[in-house]
Amino acid sequence: MKLRARMKYCLTGTPVENSVVDLKSRMDLAVIGYLGTEILETQAGELKTDLLNTTVAIPFLHVFAVLTTLKQVGNHPALYLDRLIDYPDFASGKSDLFCELVAEALGAQRKIVIFAQFLGMVEIIRLYLTSQQIGHVCLTGSSTNRGAIVKNFNTDPQCRVFIGSLKAGGVGIDLTAASVVIHYDRWWNAARENQATDRVYRISQGRGVSVFKLISRGTLEEKIDQIIQRKKDLAEAVLNQDDAIVTKSFTREELLELLDLAV
């Protein structure tokens, strides 16, 4: 990696047998810095050691920081590297799929609402739409003219896309001009996501609404999706089933724990 050269080639006769991590050493040689460092792997290893030690308090702040980094990697390399304006220089399967969805929806004359957790991702999406000359509005926590932004999207035929951070755009507004919702990344809480989607499902909505939730395969996002689904299944079980049926679904240990709380 310390060799100075105008061009480098890296050749391997071994296929990817386990995971894409097998190629990291080759990438580190051919495209230095593209895949980052192992700073993240080290942090995760230390946290796993602490979590396995029941005598140590769970370092929630550090865990959240590592999980946030992993979510950024799954979203877009430019987001993780904080090189938002250079986003076209990086490859992202999720971003490619997102662009296809946007093109198909606009081609079908449908307006789109896009939610993302990270402000940096909101900015990348805004930069992309601007480069494609697609009319859009953007709503984040720093926006001071929420009403005008929402009105512009709902009434202006040339304003085709609404981009919002999940926290700022997921409550208190009606976006009934849209009939496509794209969640670029997943939130930990299904109720928060559903609340954001419901900005389009309002009383005056007269069209069917298509909802897409993007997940990068083989990343933290798949695990988040599983957690969200378990929470959703639990909520539906509690709300939709008879009390006796729900009670029978608890294990012996769970029932003992509940009874201990009642004493």
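**Close-up 1. Gln72 and its contacts in the predicted model.** Leaving aside neighbours within four places in sequence, Gln72 is in contact with three residues named here, Leu79, Tyr80 and Phe118. Gln72 itself is found in helix α3, which covers residues 60-75. Is Gln72 buried or exposed? Gln72 counts as buried because its relative accessibility is 19%, and buried means under 20% relative accessible area.

**Close-up 2. The open sheet and the pairing of its strands.** The sheet is built from 5 strands in the order β2-β3-β1-β4-β5, and the pairing is parallel. At its edges are β2 (136-139) and β5 (210-213), each of which pairs on one side only. On average, and with direction ignored, neighbouring strands of this sheet are turned by 15° against each other. Between β1 and β4 the parallel pairing extends over 5 bridges, and Ile114 stands opposite Ile182, a residue in β4.

**Close-up 3. Helices α7 and α9 against the strands.** Helix α7, made of residues 146-155, packs on the sheet and touches β1, β2, β3 and β4, while its direction makes about 150° with that of β2. Helix α9, made of residues 190-197, lies across β1, β4 and β5, and runs at about 155° to β4.

**Close-up 4. Phe98 and the largest nonpolar core.** This core has 28 residues, and those with the most contacts inside it are Phe98, Ile112 and Ile182. At least two residues of the core are supplied by each of α4 (77-80), α5 (93-107), β1 (111-116), α6 (119-131), β3 (161-165) and β4 (178-183). Which residues does Phe98 touch, not counting those up to four places away in sequence? Phe98 touches Ile114, Ile125 and Tyr128, and also Ile182, Tyr184 and Leu214. A second core, separate from this one, has 19 residues, among them Val113, Val137, Cys159 and Ala178.

**Close-up 5. The protein as a whole, as a setting for the other views.** The protein contains 12 helices and 5 strands, and buried residues make up 35% of its 263 residues. Of the contacts between residues at least 6 apart in sequence, 67% join residues at least 24 apart. The accessible surface comes to about 16800 Å², and 56% of this surface belongs to carbon and sulfur atoms.

Definitions and conventions: Residues are numbered from 1 along each chain as its sequence is written. This is a predicted model: local features need pLDDT of at least 70, side-chain atom pairs count only at pLDDT 80 or more; totals for chains, interfaces and linings use all residues. Side-chain values use heavy atoms; hydrogens and water are left out. A nonpolar core is a set of buried Ala, Val, Leu, Ile, Met, Phe, Trp, Tyr and Cys residues joined through side-chain atoms within 4.5 Å. Buried means under 20% relative accessible area, exposed over 50%, partly exposed in between (1.4 Å probe, protein chains only). Helices (H or I, at least four residues) and strands (E, at least two) are DSSP runs, numbered from the N terminus. Contact means heavy atoms within 4.5 Å. Accessible areas come from the Shrake-Rupley method with a 1.4 Å probe; for residues, only the protein chains shown count as cover. Two strands pair if DSSP finds at least two bridges between them. Axes are lines fitted to C-alpha atoms, for helices over the stretch in contact, and angles run from 0 to 180 degrees between N-to-C directions.
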